[in-house]
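Here is a short tour for a newcomer. It begins with strands, moves to a helix, and ends with empty spaces and cysteines.

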Amino acid sequence: MSQSHPRISKAVIPAAGLGTRFLPATKATPKEMLPVVDKPAIQYVVEEAVSAGLDDVLMVTGRNKRPLEDHFDRNYELESALQKKGDAGRLAKVQESSDLATMHYVRQGDPKGLGHAVLCAAPHVGDEPFAVLLGDDLIDPRDPLLQRMIDVQQEYGGSVIALMEVAPEQIHLYGSAAVETTTDADVVKVCGLVEKPAVEDAPSHYAVIGRYVLDPAVFGILRRTEPGRGGEIQLTDALQQLAADEKIGGPVHGVVFKGRRYDTGDRGDYLRAIVRLACEREDLGPDFRTWLQRYVTEEMQQR
């Protein structure tokens, strides 16, 4: 029988990273503000949280991240100019970002890792479960992963992480989960976690991707967690403790995701994400697909 657990209402989005893989573009522009077609990547993430019913969003930022706050704020001068021009379409797009959610911001200060960034959210979140969405992972809105994770947390309690099966040679790029099956085909029980293991040390090919629904007990663990891999406080280490002892904060489950995910944290995947999303747009797709097909054909003929 399913149990009733506190309803989740808050989302936390860590956005304090330096974006060094995209230099020099990110020297003065936060990587989260890089456009994916015509919206910054971070807006897709906030929209995902809102579509799952989480319209109270805390963004954990750092130095030089002021453009994130400005993007989700009103721009009266721009709105006035568009209104005078009668450009209702663009006006609606500008206002959309400021009307999406109730936005809050806190600065991480020192970049001490994802676990530390999540810990910065403790005063805002309080003693209730919450979601964490990493800005590098864009989940296609046709595949409602976060909503499924929230439903699983409501049924089982504890924490829920998103998992995706990857090729063995890629597992060293992710956290890897040791799992047991459950009665739900897309849900596993997480028994252990290893951060970026060597292929031979990985407990499975299930990789942790950037969506979490966490029990607030994780804050107490993070306060005691010593820096781990890379000298940073790893969220994976705290989740490992939760998985090892359910009495701390309930069990840890994983939702195995087989839908569409776009990784904007890697330059190549970022470009592929733009192409895929542009191809699927009703306003851009037909002409863009025609050009892309012609371009690829011409390139192959020249090789």
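## A covered strand and its partners

Strand E11 (206-214) is mostly covered, with eight of its nine residues buried. Keep in mind that this is a predicted model.

Which strands pair with E11? Strand E6 (residues 130-133) pairs with E11 in the antiparallel sense. E8 pairs with E11 in the antiparallel sense too. So does strand E9 (residues 175-181), again antiparallel. The table sets out these pairings, with one facing pair of residues for each.

| Strand paired with E11 | Sense | Bridges | One facing pair |
|---|---|---|---|
| E6 | antiparallel | four bridges | Val132 and Tyr212 |
| E8 | antiparallel | six bridges | Ala162 and Ile209 |
| E9 | antiparallel | two bridges | Gly175 and Val208 |

Tyr212 of E11 has a partner on E6, where Val132 stands opposite. Tyr212 is also the bridge partner of Ile161.

## Strand E8 and the loop before it

Strand E8 spans residues 159-165. Is E8 enclosed or open? Six of its seven residues are buried, so E8 is largely enclosed by the rest of the structure. The cut-off for buried is under 20% relative accessible area.

E8 pairs with E11 over six bridges. E8 also pairs with strand E12 (residues 252-256), over five bridges and in the parallel sense. In that pairing, Leu163 stands opposite Val256 of E12. In a regular strand the side chains alternate between the two faces of the sheet.

Gly157 sits in the loop between H7 and E8. Is Gly157 buried or exposed? Its relative accessibility is 3%, so Gly157 counts as buried. Gly157 and Val213 lie 56 residues apart in sequence. In space, their C-alpha atoms are 9.9 Å apart.

## A helix with one buried face

Helix H9 covers residues 235-244. Which residues of H9 are buried? They are Leu235, Thr236, Ala238, Leu239, Leu242 and Ala243. Viewed down the axis of H9, these buried residues fall within an arc of 160°, so they line one face of the helix. A general rule helps here. An α-helix has 3.6 residues a turn, so residues three or four places apart point the same way.

## Two pockets

The largest pocket has a volume of about 1600 Å³. Its lining counts 49 residues. Which of them lie nearest the centre? They are Arg21, Lys31, Leu134, Asp136 and Lys196. Several elements each supply at least two residues of this lining, among them E8, E11 and H9. Helix H5 (114-119), strand E13 (261-263) and helix H11 (267-280) each do so as well. By class, the lining has 19 nonpolar, 13 polar and 17 charged residues.

The second largest pocket has a volume of about 840 Å³. It is lined by 35 residues, and those closest to its centre are Lys39, Gln43, Tyr44, Glu47 and Glu96. Which element gives the largest share of this lining? It is H1, with six residues. Helix H1 runs over residues 41-51. Other elements that each supply at least two residues include helix H2 (66-71), helix H4 (88-99) and helix H7 (145-156). Strand E3 (39-40), strand E7 (137-139) and H11 also each supply at least two. The classes here are 15 nonpolar, six polar and 14 charged.

H11 thus appears in both lists: it helps line the largest pocket, and it helps line the second largest pocket.

## One closed cavity

How many cavities of 30 Å³ or more does the structure hold? It holds one. The largest cavity contains about 70 Å³ of space. Its lining residues are Phe22, Lys31, Glu32, Leu34, Ala41, Gly135, Asp136, Thr264 and Tyr270. They divide into four nonpolar, two polar and three charged.

Lys31 and Asp136 line this cavity. Lys31 and Asp136 are also among the residues nearest the centre of the largest pocket.

## The cysteines

A disulfide is a covalent bond between the sulfur atoms of two cysteines. How many disulfides are counted here? The count comes to zero, with a cut-off of 2.5 Å between sulfur atoms. Cys191 has 35% relative accessibility and so counts as partly exposed. Cys279, in contrast, is buried, with a relative accessible area of 13%.

Notes: Residues numbered from 1 in each chain as written. Predicted model: local features only at pLDDT ≥ 70, side-chain atom pairs only at ≥ 80, totals over all residues. Heavy atoms only, no water. Buried < 20%, exposed > 50% of the residue type's maximum accessible area, 1.4 Å probe, protein only. Arc of directions from axis to C-beta. 1 Å grid on protein atoms, 1.4 Å probe; cavity = no way out; pocket = protein on both sides within 12 Å on 5 of 7 lines; lining within 4 Å. Points joined across faces, edges and corners; volume = space filled by probe spheres on them. Nonpolar A, V, L, I, M, F, W, Y, C, P; charged D, E, K, R; others polar. Pairing = 2+ DSSP bridges.
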